[in-house]
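Open the model in your viewer and keep the sequence panel beside it. We will go from stop to stop, with a selection to make at each one.

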Amino acid sequence: MIRKQLILCIILLLLLTGCVEREILDDLNIETAKGYDLVDENTIKGTALFPVYIKDGAIENRTLSAEAPSTREVLETLSRKSQQPLVRGSLDVVLIGDELAKKGILDVADSLQRDASIGARVMLAVTEGNAGDILQGNYGIRGNGMFISNLLHQNIKRRELPETNLHMFLFDYYQEGQTPYLPIIKQVSDDTLEVTGIALMDEDKMIDRVASDDMFFFKLLVDKLSEGSHVVKLGGKDGSTEQRVEAAVTSIKSKHKIKVVNKTDPVKVTIKITINGIIKEYTGKSLTPKKIKEIEDKMSSDIVDHSKKLLARFQELGIDPIGIGQLQKHGMRGFDIKKWEKSLYPNVQFDIKPDVKILESGTVE
């Protein structure tokens, strides 16, 4: 009896296996990146990037483009143009041209989250110029999609780009008291890209940017630094005979803690930033304990100055990428988001308290 049941199970498995439609990778166009650009007020252009594997193992980057009034119609048109089925399950990154980003990108983000084959961790980025043009480049030997994804991940892990992806963008968008942000990339040459800043969003529209020089301070406010670097400049003030020296503080580890005191008028917010780092390079003659203390103090001063300028700008623009309103919402009964945005948040007083520690020094001359 048991033997008959076993044979029956094997037969059923063979029949079910034969019913599954098999697809060969060479017969698919597997998208690794996509770009969206604004053509005019009622038309957007979508560009799909997919790799083609040559016999010698090299990868050729190929693209398809289509124009339509909406993201979903772009997808349909792209599918009709493709010689083989377009598959989005391996999508690594979606680029959005700056003109479309200024108009609003929720339609793009919403279509991505509704596609069950696309992971929530797919990267989103704004481009200087057309996203489609960037996808036409030739970056590295592993394909453009992989190159752009690795570029963003590397800048998040080892540089000054805060962590962000599709899931985080949508979470911040729908969260009361917090506004999203996205990385900005630029094509430097046919084979080179660069992260040039951070797009600041009001709802889903790009209204301003954090320049590359301020990305370090922005990340201190919104994320943790596990590496990264910052150059501290000492001396060389106007009228001073002291030679300007520089200290490169690297391998920075940081964390921040935000405290909101909502029973005061105006509301007071204290942001404590703890930083540990090492001095990798120093252009002065000798690196004494006194000089290390001077570097710590100057770095603390830089953090206070740049952070306060960023926060004041956010208040003026009416955006909150730090999420102060979200913290206020969870710490205050009867929270009124409209009152917060209109009269309370613009007058918040910020107190930045950095604690910088230089743990060791490497090359000092």
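The tour below starts with the whole chain, then visits strands, helices, two loop and strand residues, and some salt bridges.

**Before you start**

This is a predicted model, so please note that local features need pLDDT of at least 70 and side-chain atom pairs count only at pLDDT 80 or more, while totals for chains, interfaces and linings use all residues. Residues are numbered from 1 along each chain as its sequence is written, and side-chain values use heavy atoms, with hydrogens and water left out.

**Stop 1: the whole chain**

Show everything as a cartoon. The protein has 11 helices and 14 strands; these are DSSP runs numbered from the N terminus, with helices being H or I of at least four residues and strands being E of at least two. Now switch on the surface. Its accessible area is about 20300 Å², and carbon and sulfur atoms account for 50% of that; the areas come from the Shrake-Rupley method with a 1.4 Å probe, and for residues only the protein chains shown count as cover. Of the 365 residues, 45% are buried. Here buried means under 20% relative accessible area, exposed means over 50%, and partly exposed lies in between (1.4 Å probe, protein chains only). Contacts (heavy atoms within 4.5 Å) can be sorted by sequence separation: among those between residues at least 6 apart, 65% join residues at least 24 apart.

**Stop 2: a covered strand**

Select 93–97, which is strand β6. How many of its five residues are buried? The count is five of five. On one side you will find Val-93, Leu-95 and Gly-97, on the other Val-94 and Ile-96, and all are buried.

Add 33–40 to the selection to bring in β2, which pairs with β6 in the parallel sense over four bridges. Pairing requires that DSSP finds at least two bridges between two strands. Ala-33 is opposite Val-93 of β6. Then add 123–127: this is β7, parallel to β6 with five bridges. Ala-125 in β7 is the bridge partner of Leu-95.

**Stop 3: a four-stranded sheet**

Move on to an open, mixed sheet of four strands, ordered β11-β12-β13-β14. Its edges are β11 (229–234) and β14 (349–361); each has a single partner strand, so one side of each lacks a neighbour in the sheet. From one strand to the next, the twist averages 35 degrees.

Zoom in on β11 and β12 (residues 245–261), an antiparallel pair with six bridges. Val-231 has Ala-248 in β12 as its bridge partner.

Next, select 215–222 to see helix α8, which lies across β11, β12 and β13 (268–282) at about 35 degrees to β12. Selecting 324–331 brings up α10, which packs on the sheet, touches β12, β13 and β14, and makes about 30 degrees with β12. For these angles, axes are lines fitted to C-alpha atoms, for helices over the stretch in contact, and the angles run from 0 to 180 degrees between N-to-C directions.

**Stop 4: two residues and their surroundings**

Pick Gln-178, in the loop between α7 (166–174) and β8 (181–189). Is Gln-178 buried or exposed? It is buried, at 17% relative accessible area. Beyond four places in sequence, its contacts are Asp-172, Asp-320, Pro-321, Ile-322, Gly-323 and Gln-326.

Then try Thr-43 in β3 (residues 43–53). Thr-43 is also buried, at 18%. Setting aside residues up to four places away, Thr-43 touches Asp-37, Leu-38, Glu-67, Ala-68 and Pro-69.

**Stop 5: salt bridges**

Side chains of opposite charge can pair when their charged atoms come close. The structure has 17 salt bridges, each a side-chain nitrogen of Lys or Arg within 4 Å of a carboxyl oxygen of Asp or Glu.

- Show Arg-72 and Asp-110, whose closest N and O atoms are 2.9 Å apart. Arg-72 is in α2 (residues 71–81) and Asp-110 in α4 (residues 106–113), 38 residues apart. Arg-72 is partly exposed at 35%, whereas Asp-110 is buried at 14%.
- Show Lys-291 and Glu-294, joined at 3.2 Å, N to O. Both are in α9 (residues 289–317), separated by about one helical turn because they are three residues apart. Lys-291 is buried at 18%; Glu-294 is partly exposed at 31%.

For a last selection, take Arg-72, Asp-107, Asp-110 and Arg-114, which salt bridges with shared partners join into one network.
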